[in-house]
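Reader: I am new to this structure. Please show it, and then let me ask about the terms.

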Amino acid sequence: MSNLPAGYAPLTVETLGARLGGLKDVASRIGGDPGTWDVREVGDGNLNLVFIVSGPTGSVVVKQALPYVRLVGDSWPLPLKRAFFEYHALTRQAARDPGVVPGVYHFDEAQALIVMEFLTPHTILRGRLIAGQKTGGLADTLGRFAARTAFRGSDLSLPTAERKADAALFLANVELCDITEGLVFTDPYFDAERNHHTAGLNPVVAMLRSDVAMKTQVQHMLTRFASNGETMLHGDLHTGSVMCTGDDVKVIDPEFACYGPMGFDLGMMLANFLMAYFSQPAHRSASDLKDFQDWILLVTQDICAAYTDEFTRLWHDERTGILYPRSLFEDQGHSSEAALTQKLAAIWQDAMGFCGIEMHRRVLSLAHNAEFETIEDETLRAGLEARNLMMGRDLILNRADTADAGALIALAQSYNERDFT
Ligand code: SR1
Ligand code: MG
């Protein structure tokens, strides 16, 4: 790690007070003597250090990038500049959907650290779905967030010089995009070194990896991801990137931000709700299972409805960019409703493809998800993961037939009844 910027050093519980105590704004939020601050390292993600720092008047979160992938260790170096992209994504998301992302109090590029709002008593949505905890307003917030950030970061809305400058800025987030291009789109489909999967899935995995038609469609979706920079994506919008209480929802962790196709964030999010759904038989008692699975599907369907409603509203009220200008439609007395319908259908078709691929990679590639990974009974786990894999394949191959959220939900319900192991 010899080419680290001068002055960069990973924070520790012992050094954090002395290193951040000199920041007036941050210190006054926490209060008291930095030497007495309570500092806890709480990071359980795949990449970074995360601390909660508390004092007499408040708490903050300090997130610092490490020069490598935390999940793997220093054999996989990763540039510190991901903190720069996360900071810039947070400022844009805060402007495009106020109140949904944590407030930023301080950014230090050389230290690759962001000091931000401590969300409390919020907990990670993925854990809440495993624990059977419901959250009010989840679908509205997530559907609107995905629609607002997609629309307001694109040439439908922004002055195109600003959109192009941002696209250029985020184009440099090369290494994080490389993780997505590799771990999400490529590794699941061959015996890549970092992969692992439940042994009972071997026949299903062999079938998937020999499905040339499906792999071809996945490459089509990778082409969309890598080449169609139409808006600023969150880039990693899964249930581990959402924090909730019983009635409040925040979106965190946009370090994978890049310019890409609008359907990507929506598809990733839907996949993670579907995986939570398929995993429920391992986490609920027989008496609670149906109620909670139905609730997850209702939220999934409502996310799609909230996305469509908000995108439609923005189309009517905020279409100020170079695309589909009012001068060509409304100002001529011509309706733009058919164009809107076409745009939403194209986003949905992409979302279905990305959804299927995310359902594959969380079971086959490096970074698995806790709802499957915590199932100790391997036979049960393989059976539930197989339903998820097979539905993912169906979405990738037949995304044009999954015309709307109702069709997606019906497909999930049918795969939930099937046995592939
Ligand atoms: C090595 S990083 C693995 C995964 O963790 C992040 O949250 C992203 O989802 C990435 O694909
Ligand atoms: Mg993350």
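Author: Start with residue classes: Ala, Val, Leu, Ile, Met, Phe, Trp, Tyr, Cys and Pro count as nonpolar, Asp, Glu, Lys and Arg as charged, and the others, Gly among them, as polar. By that rule the shell around ligand 1 has 6 nonpolar, 2 polar and 3 charged residues. This is a predicted model: local features need pLDDT of at least 70, side-chain atom pairs count only at pLDDT 80 or more, and totals for chains, interfaces and linings use all residues. Residues are numbered from 1 along each chain as written, chains are lettered from A and ligands numbered from 1 in written order, and side-chain values use heavy atoms, without hydrogens and water.

Reader: What makes a residue one of those around ligand 1?

Author: A residue is near a molecule if one of its heavy atoms lies within 4 Å of it. Among those that pass are L47, V69, D236, H238 and F256.

Reader: Why is the pair between N46 and ligand 1 called a polar contact?

Author: A polar contact is a pair of N or O atoms within 3.5 Å; within protein, one must be able to donate a hydrogen and the other to accept it, and residues adjacent in sequence count only if both atoms are side-chain atoms. An oxygen atom of ligand 1 is 2.7 Å from a side-chain N or O atom of N46, so the pair qualifies. For R361 the distance is 2.8 Å. For R362 it is 3.2 Å.

Reader: How do you know that the protein buries ligand 1?

Author: Accessible areas come from the Shrake-Rupley method with a 1.4 Å probe. Alone, ligand 1 exposes 310 Å², and the protein buries 94% of that.
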